[in-house]
Structures are given as C-alpha cells and as structure tokens.
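Reader: I am in my first year and would like to take a close look at a single part of a protein, and then see how that part sits within the whole. Could you walk me through it slowly, in connected prose?

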Amino acid sequence: MKKLSFLLAATALASVMATTAWSKTLVYCSEASPEGFDPGLYTGGQTFDASSRTAYSRLVEFKHGSTELEPGLAESWTISPDGLEYTFKLRKGVKFQTTEYFTPTRELNADDVIFSFERQLKADNPWNKYVDGASWEYAAGMGFPELVKSVEKVDDLTVKFVLNHPEAPFLADLGMDFASIMSKEYADKLAADGKMGQLNQMPLGTGPFTFVAYQADAVIRYQANPDYYKGKEKIDDLVFAITTDAAVRAQKLKAGECHIMPYPNAADVAELKKDENLTVLEQPGLNVAYLAYNTLQAPFDKPEVRRALNMAINKQAIVDAVFQGAAAVAKNPIPPTMWSYNDKVEDDKYDPEGSKKALEAAGVKDLKMKIWAMPVSRPYMLNARRAAELMQSDLAKVGVSVEIVSYEWAEYLKLSKDKNRDGAAIMGWTGDNGDPDNFLDTLLGCEAVGGNNRAQWCNQEFDKLVKAAKKSSDQAERTKLYQEAQVVFKKEAPWVTIDHSIAFGPVSKKVSGYHMDPLGIHRFDGVDIAE
C-alpha cells in the first residue's frame, strides 16, 4: 500500500509538472497534508502554509523574516487613547481571486472583514458550525469572543474593532493566520447553493497565489494571482509535493524534484550542506517542544506526580539523539530568545532515584500510561517516535510502563485536544507573533482548555498573571508578570519541557528571495527561481 501511495503521488506530481513545463514553477516538498483550507479552523503549520500564506491576506502582515508588522489589506490604522478601539482604513481596489469555481463581482470591503471575524466570534452566526466539530481553536483559545465587543462597518473601506478591555498583543494577533480575510460574497454564494463546506476545500482570498487543485495526500497546485494587490508574483506556478518522510524530502531536493524542503532529519543536515547545488539556511527557532500530561486525569492531576515523572526523563539524551546538537534543553514554556524569559527558573533535575521516591511518596505504584508521538517532523520535534522511545525507556527505570501510540497528523491534532485523552502527548509550538502571550496564554490559559491547551490545565494563579500581562501596555510590567507566571508553571509542571530547536531550511541555489521565518511559516511571495 505504501508503494502504491508513493506511485500515485509521483504520478500526480509528474502530471502537474508536465502541465507547467512552459511556466516558471516552484515545487515545495511539504511535510504533511493540510487539515483543510480555512485557516480559522486550525492551528497546524502545514495548514497555514497551504492556505493563509498562499491564498489569503490579513489586515496587517509580518515583514519577511521578521516579527515586525507592516500594512496589509489595511493601509493604515488608528488606536483610541484608551486602547479599546482599533480603526482600520482598507486599501481601495483590492480584488478577490477569480477561479474556475467563482468569479467575484466586487472588490474587498468592510463586509468581508466583519464576516471573517464574526463567524469565529458569535455562536449564533450561520457559519460558526459550518464544519463538524468547528471550535475556532485560535480565536477561542486567545479569548477573542470575550475580548471583541463588536466589529463595525464605518463605511465601505473603514472597519472598527471595539474591545471590552485593552489587549497589548491585539494588533500583532491580527497578523496571525486565523485572522485571514475571506470573501463574504463567495461565502454567501456557497450558502445559497447549499455548499458551505466548500469554503474549507476550495479557498478564495486576496493572497499572492490562487488555489487550483488538491489531490489528497499528494499534490496541491496554485497559480500566481494576476490581481494580487502587491503585483503578480515572479513565479507562475506553485506546487506543494506532500512528502511526509524527511529522508525522502531530502532525496527529492538533491535530485532537483523540489526546490525547498522543511524540517530535514538532523542526520541529513551535514550531507545537505555539502551539496554544491543547495543552500542550507538556519536560525534559532522561536519554538518549544513538550510532553503535555492530561491534568484532568488521575494521577496526572497531582503536581507532585507530574514533577516526579519529569525527574525520570533525561531531556539531554533526547536532544542529543533527535537533534544531534541542533537544539537546547528547554526549562520554560517560552524560548530563551523571547523577551520576558525567566532564566532564574530551575529546571527539573534528571534524577531517577529521586523520581522513584517521589512517586512512592505520592502513592503511585505500577503506573501504566500512554505517550502520544506525532507522526510527522516539526521544527521543534524532528522525530517524536524516537523521543517517545527514549522516554519509555527512562520511565521504565522508575517502574512506569509506557505504551506509545500515534495517529495520522490531522487526527492526532484533533484527538489530542480531547479532555478525555489518555496519557501524555508530545506537542510543540512555534510563535505566531513574537509575543509571550502567544505561548503562555494560548497554550496554557484556562480559555484554551479543550483546544491549544493540550495539558487541559487551568491554574487560577497562572491565568490571572497572564491575563493581567496582556492588558498592560507597559512592557516592563508585562515582563514581570510573565516571569512570575513561568515560576508558577514550573512548580505545577503541566508539561515536560523538552527542547528549543535550531530550524534548518535547505533550498536549491536556483531559488532567490526566500527567507526563513522566525514564526515558523513558509511563504512564497517574493520568491523567484532561475529557469
């Protein structure tokens, strides 16, 4: 079956390449299939790469390779003195893409912005549950339904967000993928035709590339949007060749079958660097990998048990085996390159004997647990199966029996959110906007339980600190609060913090204008390739 799947994928890619032989084509060997094409519904990086960063745009954007904001669909904005009103002036003349399945009759206006957010914020909006199980994980986890009082149309090209309280990272949040702007006209047509689900299957936005076709688990094809408000891209065709095996991605890159690949195996980096046809970009990742206990389940509901288990795990051995030096052991839930990082926090010591004694003191005997291992490579965890095996061996030494389980990636992301999930799940995060809030509240806040908070951990002391921090506009005050929150996190131990990795980006030397992104996304606007 694996051989057949590979042959089907290869045939699909060859077909795509044949149809684009006379155009300038860039092939990206992506690491996984998208969960869908509506970025508001998901949090997976592979989904954002395939949707929000190709087909869509946002009111504000992050500059290439930076966490600095710049105007996007909004050419300017003003913020009221009390921090409660954000008014955006939209660009005039921005066109939505024309596709085989929809031809727009009007340009972008305030109605599109209101639609894009209200569907995520209002439970009674007809689009709020248009996909089974829709939870609007990002918007909900960041507290947007409680934060945003209203999204108002001032005129066709002016829209105002009214907040219930000040929110320091709000503007940066609007540059994130979930805040992509959809076409209300397209959505209205789908609703009228009884085809609402198509919004998640056939995207249509104002972004640099127009969606053409998707063959599940094989190929996604795009064409440069001729009406893109920044001007047509230099490449004509963009192809995502979905290749889940990192070693196969590397082989394809070396053979010239693709031009850019993400997340190489650590063992392959040296060889890729030797290839005279490739450039291997690298930068410290704004990321963290972790093992999230389900703190709603006994005995993981006890902090003393979680701390005891943490003491049994040799994190340095995991970093050495999985990353071969291209990562650092993590002690905090935010990376050390991020402002407000608390370096005074002491990490869990690797102490198997101490772990045994602590488990006995907590009354835990003959514990059996599951560790969930991601099936795909991510920048923060290149080989979750290997990491899980090392944890399994470590925990066996203190009398804990571990079963390793895994699922297809989209299913893994969905099931790991369940409050009834058994055991502990290997997860990770790359920052989306350069703000500590995007880690601390998004991943560990009470509102994110059942969503991004895979530990299902709601601690009132921690939550109060991070909520106060994002309401303050004083960065020194925010830093103090976030550092206090990291102390609470370490004491309560809802995670095993595993590593912060260095990210590598192997690229063909034919490619120009491509940048590694600190936010972990892969963008192809501004990219060119030599013919």
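Author: Ala-187 lies in helix α7, and in this predicted model its relative accessibility is 0%, so Ala-187 counts as buried, the cut-off for that word being under 20%. Leaving out residues up to four places away in sequence, Ala-187 touches Phe-115 and Trp-127. To get a sense of distance across the model, you can look from Ala-187 to Lys-315, which is 128 residues apart from Ala-187 along the chain, and find that the two C-alpha atoms are separated by 48 Å.

If you step back along the chain from helix α7, which covers residues 184–192, you enter the loop that joins it to α6 (170–173), and this loop is the place of Met-176. Met-176, too, counts as buried, because its relative accessibility is 0%. Its contacts, when neighbours within four places in sequence are set aside, are Arg-53, Arg-58, Phe-62, Tyr-138, Met-142, Asp-432, Asn-433 and Asn-438. Ala-267, on the other hand, is 91 residues apart from Met-176 in sequence, and the distance between them in space is 32 Å, C-alpha to C-alpha.

One of the contacts of Met-176, Asn-438, is also touched by Thr-430, and that gives us a path to another part of the chain. Thr-430 has its place in strand β16, which runs over residues 424–430, and with a relative accessibility of 14% Thr-430 counts as buried. Not counting residues up to four places away in sequence, Thr-430 touches Leu-286, Asn-287, Pro-379, Tyr-380, Asn-438, Phe-439, Pro-518, Leu-519 and Gly-520.

Strand β16 also holds Ile-426, and this residue leads to the nonpolar interior. The largest nonpolar core has 128 residues, and those that touch the most other members are Phe-88, Phe-144, Phe-161, Met-381, Leu-395 and Ile-426. Leu-395, when residues up to four places away in sequence are not counted, touches Leu-309, Ala-312, Ile-313, Met-369, Ile-371, Val-400 and Val-402. A second core, separate from this one, has 19 residues, and among them are Leu-26, Val-507, Val-511 and Tyr-514. In soluble globular proteins, nonpolar side chains tend to be buried together.

A buried place can also be found in a loop towards the start of the chain, where Cys-29 sits between β1 (25–28) and α2 (45–50). Cys-29 has a relative accessible area of 0% and is therefore buried. With residues up to four places away in sequence left out, Cys-29 touches Ala-241, Thr-243, Arg-249, Lys-252, Cys-258, Ile-260, Met-261 and Pro-262. Glu-304, by contrast, is 275 residues apart from Cys-29 in sequence and 44 Å apart from it in space, taken C-alpha to C-alpha. Gly-354 offers another example, with its place in helix α12 (residues 352–361), and since its relative accessibility is 16%, Gly-354 counts as buried. Its C-alpha atom and that of Val-398, 44 residues apart along the chain, are separated by 9.3 Å.

Some details of the backbone deserve a careful look as well. Ala-298 and Pro-299 are joined by a cis peptide bond, with omega at about 0°, and Pro-299 lies in the loop between β12 (287–293) and α10 (303–312). Asp-217, in the loop between β8 (209–215) and β9 (219–224), has a phi near 65°, which is a positive value in a residue other than glycine. Gln-324, found in the loop between α11 (315–323) and β13 (327–329), likewise has a positive phi, near 50°, without being glycine.

Finally, we can place these parts in the whole, whose secondary structure comes to 17 helices and 19 strands. The radius of gyration of the protein is 23 Å, close to the 24 Å that the globule rule gives for 531 residues, so the protein is as compact as a globular protein of that length. Its C-alpha atoms fill a box of roughly 70 × 55 × 40 Å along the principal axes, and buried residues make up 60% of the 531 residues. Among contacts with a separation of 6 or more, 71% are between residues 24 or more positions apart. The accessible surface comes to about 20,800 Å², and 50% of it belongs to carbon and sulfur atoms. As for charge, the protein has 61 positive and 74 negative charges, and the mean positions of the two groups are 2 Å apart.

Conventions: Residues numbered from 1 in each chain as written. Predicted model: local features only at pLDDT ≥ 70, side-chain atom pairs only at ≥ 80, totals over all residues. Heavy atoms only, no water. Helix = DSSP H or I, 4+ residues; strand = E, 2+ residues; numbered from the N terminus. Rg over C-alpha atoms; globule rule 2.2 N^0.38 Å. Buried < 20%, exposed > 50% of the residue type's maximum accessible area, 1.4 Å probe, protein only. Contact = heavy atoms within 4.5 Å. Areas by Shrake-Rupley, 256 points an atom, 1.4 Å probe, with all protein chains shown as cover. Lys, Arg positive; Asp, Glu negative; His and termini not counted. Charge placed at Lys NZ, Arg CZ, Asp CG, Glu CD. Core = buried A, V, L, I, M, F, W, Y, C linked by side-chain atoms within 4.5 Å.
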